[in-house]
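Colleague: I would like a close look at one part of this model, the aromatic residues and what surrounds them. Please take it in one connected account.

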Amino acid sequence: MKLHLYLLALTPFALAGCVVTEPAPPVTTTTVTREVTTTGPGPTTSETYVTQEPPAVRVESQTVSPGANYVWTRGYWRWNGVTYVWVPGGWVIRPRPAAVYVEGHWLRRGSRWVWVAGFWR
């Protein structure tokens, strides 16, 4: 009788090596992009929403201006639907003498990032 109790008590230890543990599936991250075009009485605007934070802005060397009416626009990270791609800065001509260029930039809105395109003021 005691032998039967010992065998019964040792059964869980004997079967412990029979348990099969499946490895957890790899974690995948999905990035969601949504483009929204807004129309109204003013100019048409387009916004791109991305769930992945953009990389830090690169430091660029500004070249010599090609003329007095040119303004340097800094480079920026553009979302191509899959990943961020660096767009280098460059010189653009002012549309009118007093025009001021407002740089494009990424803004955080909740858990998403939205691109605000540069424009002339």
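Are Trp77 and Trp86 buried or exposed?

Modeller: Trp77 and Trp86 are both buried. The model is a predicted one, and local features are taken from residues with pLDDT of at least 70.

A little background on the chain helps to place the two residues. The chain has one helix and ten strands, and the helix comes at the N-terminal end of the order, with the strands following. Of its 121 residues, 16% are counted as buried. Among contacts between residues at least 6 apart in sequence, 41% join residues at least 24 apart. The accessible surface is about 9500 Å², and carbon and sulfur atoms account for 61% of that.

Trp77 and Trp86 belong to the largest nonpolar core, a set of eight residues that also includes Val50, Trp79, Tyr84, Trp106, Trp113 and Trp115. Strands β4 (76-79), β5 (84-87) and β9 (112-116) are the elements that each give two or more residues to this core. In soluble globular proteins, nonpolar side chains tend to be buried together.

The aromatic rings can be taken next. There are seven aromatic pairs in the structure. One of them joins Trp77 and Trp86: the ring centres are 5.2 Å apart and the planes stand at 70 degrees, which is over the 60 degrees required, so the pair counts as edge-to-face. Another edge-to-face pair is formed by Tyr101 and Trp120, with 5.1 Å from centre to centre and 65 degrees between the planes. This second pair links distant parts of the chain, since Tyr101 is in strand β7 (residues 101-102) and Trp120 is in strand β10, 19 residues apart. Tyr101 has a relative accessibility of 23% and therefore counts as partly exposed. Trp120, at 26%, also counts as partly exposed.

Tyr101 is also among the contacts of Thr73, along with Gly89, Gly90, Val92 and Glu103, when neighbours within four places in sequence are left aside. Thr73 is in strand β3 (residues 70-73). Its relative accessible area is 12%, so Thr73 is buried.

Ring pairs also link Tyr76, Trp79, Tyr84, Trp106 and Trp115 into a cluster. Trp106 is a good residue from which to follow the surroundings. Beyond its neighbours within four places in sequence, Trp106 is in contact with Thr48, Val50, Pro54, Trp77, Trp79, Tyr84, Trp113, Val114 and Trp115. In the strand pairing, Trp106 stands opposite Trp115 in β9. The strands concerned are β8 (residues 105-109) and β9, which pair in the antiparallel sense over five bridges. Two residues lie between these strands in the hairpin, where Gly110 has a positive phi near 70 degrees.

Trp113 lies in β9 as well. Its relative accessibility is 13%, which is under the 20% limit, and Trp113 therefore counts as buried. Not counting residues up to four places away in sequence, Trp113 touches a run of residues from Thr48, Tyr49, Val50, Thr51, Gln52 and Glu53 to Pro54, together with Tyr84, Trp106, Leu107 and Arg108. Another residue of that earlier part of the chain, Glu47, has its C-alpha atom 9.9 Å from that of Trp113, although the two are 66 residues apart along the chain. Tyr49 has a further partner: Arg112 lies over the face of its ring, at 4.1 Å from the ring centre.

Two exposed residues can be set against this buried part. Pro88 is in the loop between β5 and β6 (90-93). Its relative accessibility is 57%, so Pro88 counts as exposed. Residues up to four places away aside, Pro88 touches Glu60 and Gly75. Pro88 and Glu60 are 28 residues apart in sequence, with 8.0 Å between their C-alpha atoms.

Arg121 comes in the segment after β10 (119-120). With a relative accessible area of 60%, Arg121 is exposed. Arg121 touches Arg96, Ala98, Ala99, Val100 and Val102, again not counting residues up to four places away in sequence. From Arg121 to Ala98 the C-alpha distance is 8.7 Å, at a separation of 23 residues in sequence.

To return to the request, Trp77 and Trp86 are buried, and both are part of the largest nonpolar core.

Conventions. Residues numbered from 1 in each chain as written. Predicted model: local features only at pLDDT ≥ 70, side-chain atom pairs only at ≥ 80, totals over all residues. Heavy atoms only, no water. Helix = DSSP H or I, 4+ residues; strand = E, 2+ residues; numbered from the N terminus. Buried < 20%, exposed > 50% of the residue type's maximum accessible area, 1.4 Å probe, protein only. Contact = heavy atoms within 4.5 Å. Core = buried A, V, L, I, M, F, W, Y, C linked by side-chain atoms within 4.5 Å. Areas by Shrake-Rupley, 256 points an atom, 1.4 Å probe, with all protein chains shown as cover. Phe/Tyr/Trp six-rings, centres within 6.5 Å; stacked < 30°, edge-to-face > 60°. Lys NZ or Arg CZ within 6 Å of the ring centre and 35° of its normal. Pairing = 2+ DSSP bridges.
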